[in-house]
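Here are some short exercises to work through with the coordinates open beside you. Try each task first, then follow the solution step by step.

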Amino acid sequence: MVTLVTGGAGFVGSHLVDHLIKKGDRVIVVDNLSSGEIKFIQKWIDSGDVIFQQCDLKDLETLKCVMYDPIGGEPVDIVYHLAANPDIRLGTTITDTDLKEGTIATYNVLESMRLAGVKKIAFSSSSVVYGEAKKMPTPENYGPLFPISLYGASKLASEALITSWVGTFGLQAWIFRFANIVGARGTHGVIFDFIHKLHNNRNQLEVLGNGLQEKSYMEVEDCAMSMIHVVENTNEQINCFNLGTNDTCSVRRIAEIVLEECKCGDAEIQYTGGDRGWAGDVPKSMLNPGRLIELGFEPNYTSEEAVRHTARCLVQEIGQP
Ligand code: NAD
């Protein structure tokens, strides 16, 4: 099986690549290395299991050429499309990044697939498509979907483009609405930010908002394995799954865990106030992972366990503050 992963040098993408190779796929990684790092997949490039194509998804002409197995020349079997701008907050100051790196990039992936005859796509969407959902835990059939961030808008627009390609060109699609994904190799997100802040000043930790924001956290290996599990065990034209845990963890609790793991127990936590970290931040989100669990996938980590495990991994990677 030949699998193409966009964003495969990124945080989630590189863990997905590890698991695809473990199950015997040959993998093509397409990444522009804007936030990904080649070192995350270097061992697979060296072993010949990964072919790396440095390519920007905004460049449609180049993208059209990478949809084929470089060895046999056949179209790849499936595209896992993960490349995107990962920073939700960026949309508060730069308003066209998510449009270009999310919506237009997804259009380019779909159009390149159509021209090459690639029939399957798995897409990393997000819980933020639900916006400030009135129902929690939020199931996949919740609606109407009114995202409140530009990033969320680009995820919902990408979902719509994908389902339109299914309806019009006979594609088969897996849409994954991720909770907050955390774990080793993390390069962004709340735990990463807290550890960096403590590196600058180990006596004080600034927390955006009042700390009562509460979300589901899923460990990155659980995320990667669950994507593969769902793709292998479902066969509808459109398969939409929440990927998350059955619980939540508050930002206040994350701050406490990070301080413990960084051995900065005496640091003072300073909350900037307000119910959310920034405009467009969803203060409370909890996905209903029932469909995933019914399909036989049980995450190894709860939200709090995932947060603690991540803090430990990142302290090892970044260093003790
Ligand atoms: P990441 O930044 O580590 O990975 C994104 C990868 O895409 C990077 O390797 C980057 O270099 C690459 N990339 C970005 N723009 C590109 C472009 N124009 N052309 C080619 N490559 C490009 O982020 P991540 O956390 O691993 O996120 C992976 C996917 O999962 C993203 O689509 C993200 O929106 C989605 N997601 C992540 C989370 C999370 O908590 N990490 C939650 C919900 C959804």
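**Exercise 1: The overall fold**

Of the contacts in the protein chain that join residues at least 6 apart in sequence, 81% link residues at least 24 apart. Keep in mind that this is a predicted model.

*Task.* Work out how the radius of gyration of the protein chain compares with the globule rule for 321 residues.

*Solution.*
1. Begin with the secondary structure: the protein chain contains 10 helices and 14 strands.
2. The radius of gyration is 19 Å, and the globule rule gives 20 Å for 321 residues. The two values are close, so the protein chain is as compact as a globular protein of that length.
3. For the outer dimensions, the C-alpha atoms fill a box of roughly 60 × 45 × 40 Å along the principal axes.
4. Turning to burial, 52% of the 321 residues are buried.
5. The accessible surface comes to about 13500 Å², and carbon and sulfur atoms account for 50% of that.

**Exercise 2: Counting charges**

*Task.* Find how many positive and negative side chains the protein chain has, and how far apart the centres of the two sets lie.

*Solution.*
1. The count gives 28 positive and 41 negative side chains.
2. The centres of these two sets are 2 Å apart.

**Exercise 3: A helix and its partners**

*Task.* Identify the buried residues of helix α8 (residues 251–261) and the elements they pack against.

*Solution.*
1. The buried residues of α8 are V251, I254, A255, I257, V258, L259 and E261.
2. Their packing partners include two helices, α6 (190–200) and α10 (303–318).
3. They also pack against the strands β8 (204–207), β10 (217–219), β12 (249–250) and β13 (268–271).
4. Just after α8 comes K263, with a positive phi near 55°.

**Exercise 4: Two cysteines**

*Task.* Decide whether C262 is paired or unpaired, using the distance to the nearest cysteine sulfur.

*Solution.*
1. A search of the whole structure turns up zero disulfides.
2. For C262, the nearest cysteine sulfur belongs to C264, at 5.2 Å. A disulfide needs the sulfur atoms within 2.5 Å, so C262 is in no disulfide.
3. C264 is likewise in no disulfide, its nearest cysteine sulfur being that of C262.
4. Now check burial: C262 counts as buried because its relative accessibility is 0%, and C264 counts as buried at 2%.

**Exercise 5: A serine in a strand**

*Task.* Is S285 buried or exposed, and which residues does S285 contact beyond its sequence neighbours?

*Solution.*
1. S285 lies in strand β14 (residues 284–285).
2. Its relative accessibility is 14%, so S285 counts as buried.
3. Leaving aside neighbours within four places in sequence, S285 is in contact with S127, M136, E214, K215, S216 and T248.

Notes
Residues are numbered from 1 along each chain as its sequence is written. This is a predicted model: local features need pLDDT of at least 70, side-chain atom pairs count only at pLDDT 80 or more; totals for chains, interfaces and linings use all residues. Side-chain values use heavy atoms; hydrogens and water are left out. Buried means under 20% relative accessible area, exposed over 50%, partly exposed in between (1.4 Å probe, protein chains only). Helices (H or I, at least four residues) and strands (E, at least two) are DSSP runs, numbered from the N terminus. The radius of gyration is taken over C-alpha atoms; the globule rule is 2.2 Å times the number of residues to the power 0.38. Contact means heavy atoms within 4.5 Å. Accessible areas come from the Shrake-Rupley method with a 1.4 Å probe; for residues, only the protein chains shown count as cover. Lys and Arg count as positive and Asp and Glu as negative; His and the chain ends are not counted. The place of a charge is taken as NZ of Lys, CZ of Arg, CG of Asp or CD of Glu.
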